[in-house]
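Colleague: Before I rely on the labels attached to this model, I would like to hear the reasoning behind them. Could you take me through it step by step?

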Amino acid sequence: MDIVLLPAHNPGPLTGEGNNTYLLVWSDRSQPRASLIDAGVGHPDHLAEIDGALRARGAELAEVLVTHAHSDHASGAGAVRRRWPSAVFRKIPWPERDGTYGRDWRALEDGSLVADGSLVTIHTPGHAPDHACFWDPRTRVLFSADLVIKGTTVVIPASHGGSLTAYLESLNRVLRLDPERLLPAHGPAIDRPRSLIEEYLEHRALREQQILNAVASGCDTLDGILDAVYPGLSDDLRPVARESALAHLQKLESDGRLRIGDEAILLL
Ligand SMILES: [Zn+2]
């Protein structure tokens, strides 16, 4: 199987240098077939590069696997579908969002085999409820989408389907898979990812303790907690930090450690 990294050509404040999409090609067949992981945003250069990679290998695009319904991964589905109408589009359902990107989704679930039976769908909710990674058990490569990004953290959009509890479980699940290499949707490949995933878990544990300390010292509103935990936070980073702090508060509430009331956040 050839793995061809094709950038989606969408650099920006939320996507870094832009998304990575991956074209997987089986060239050893009489009719070579390909699967594309993530649809990008429909940028003409992306479409041209998919086309070029397919033509160079004489391959047909059989399948598009979308890791989750955030626009930088899914919004190109319409453009890819128009260009390759026979391709099948597959993802784990997120009913509130999927219709935004077309109606012809075939549902994946945890354990579904994709890419000619060579990859296993791993449902890894947290960053988004429908978030999927794709696992090659023979090479121990995980197409890890937005699970981790080298050099930064992953946003858990608490008011838009994110769940920190689910995210931490997903990180632990991927640790148990013991992958050799992660191929993420943003940033470079991650070799021997165990230490990075462990750092992520430590970072979240530290942040949780900071938030508990802030509440214990009398901060009883989300803004008060933000000021205590992120001193000097700039206005443009505040919305992301709010989502992150809210994700922690929701986890702490579901753990029975505090209650998010209408008026105030209270330790239990
Ligand atoms: Zn995302």
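Modeller: Let us begin with the metal, bearing in mind that this is a predicted model; the four donor atoms around the zinc ion subtend angles of 85 to 174°.

Colleague: Why is the arrangement around the zinc ion called irregular?

Modeller: To count as tetrahedral, four donors need all angles between 85 and 135 degrees, and the angles at the zinc ion run up to 174°, so the tetrahedral label fails and the arrangement is classed as irregular.

Colleague: How do you know which residues are the donors of the zinc ion?

Modeller: A donor is an N, O or S atom within 2.8 Å of the metal, and H68 (NE2), H70 (ND1), H127 (NE2) and D146 (OD) coordinate the zinc ion at 2.1 to 2.4 Å, so these atoms meet the cut-off. Along the sequence, their spacing reads H-x1-H-x56-H-x18-D. The pair H70 and H127 links distant parts of the chain, 57 residues apart, with H70 in the loop between β4 (60-65) and α2 (71-74) and H127 in the loop between β8 and β9 (132-136).

Colleague: Are H70 and H127 buried or exposed?

Modeller: Both H70 and H127 are buried, which means that each has under 20% relative accessible area.

Colleague: What makes the backbone at H9 and at A115 worth a remark?

Modeller: Most residues other than glycine have a negative phi. H9, however, has a positive phi near 60°, and A115 has a positive phi near 50°. H9 lies in the loop between β1 (2-7) and β2 (20-26), while A115 lies in the loop between β7 (113-114) and β8 (119-123).

Colleague: Why is H9 called partly exposed, and why is A115 called buried?

Modeller: The partly exposed class lies between 20% and 50% relative accessible area, and H9, at 28%, therefore belongs to it. A115, with a relative accessible area of 0%, falls under the 20% limit and so counts as buried.

Colleague: What does the domain assignment give, and how many salt bridges are counted between the domains?

Modeller: The assignment gives domain 1 (2-192) and domain 2 (203-267), whose centres, taken over C-alpha atoms, are separated by 31 Å. The contact takes 13 residues from domain 1 and eleven residues from domain 2. Between them the domains bury about 950 Å², 64% of it on carbon and sulfur atoms, and on the domain 1 side A158, L164 and T165 lose the most area, together 46% of what that side buries. The count of salt bridges between domain 1 and domain 2 is zero.

Conventions:
Residues numbered from 1 in each chain as written. Predicted model: local features only at pLDDT ≥ 70, side-chain atom pairs only at ≥ 80, totals over all residues. Heavy atoms only, no water. Helix = DSSP H or I, 4+ residues; strand = E, 2+ residues; numbered from the N terminus. Buried < 20%, exposed > 50% of the residue type's maximum accessible area, 1.4 Å probe, protein only. Donors = N, O, S within 2.8 Å, 3.2 Å for Na, K, Ca; no water. Tetrahedral: all angles 85-135°; square planar, octahedral: opposite > 155°, others 65-115°. Domains from an automatic or database assignment. Contact = heavy atoms within 4.5 Å. Buried area = accessible area lost by both parts, 1.4 Å probe. Salt bridge = Lys/Arg side-chain N within 4 Å of Asp/Glu carboxyl O.
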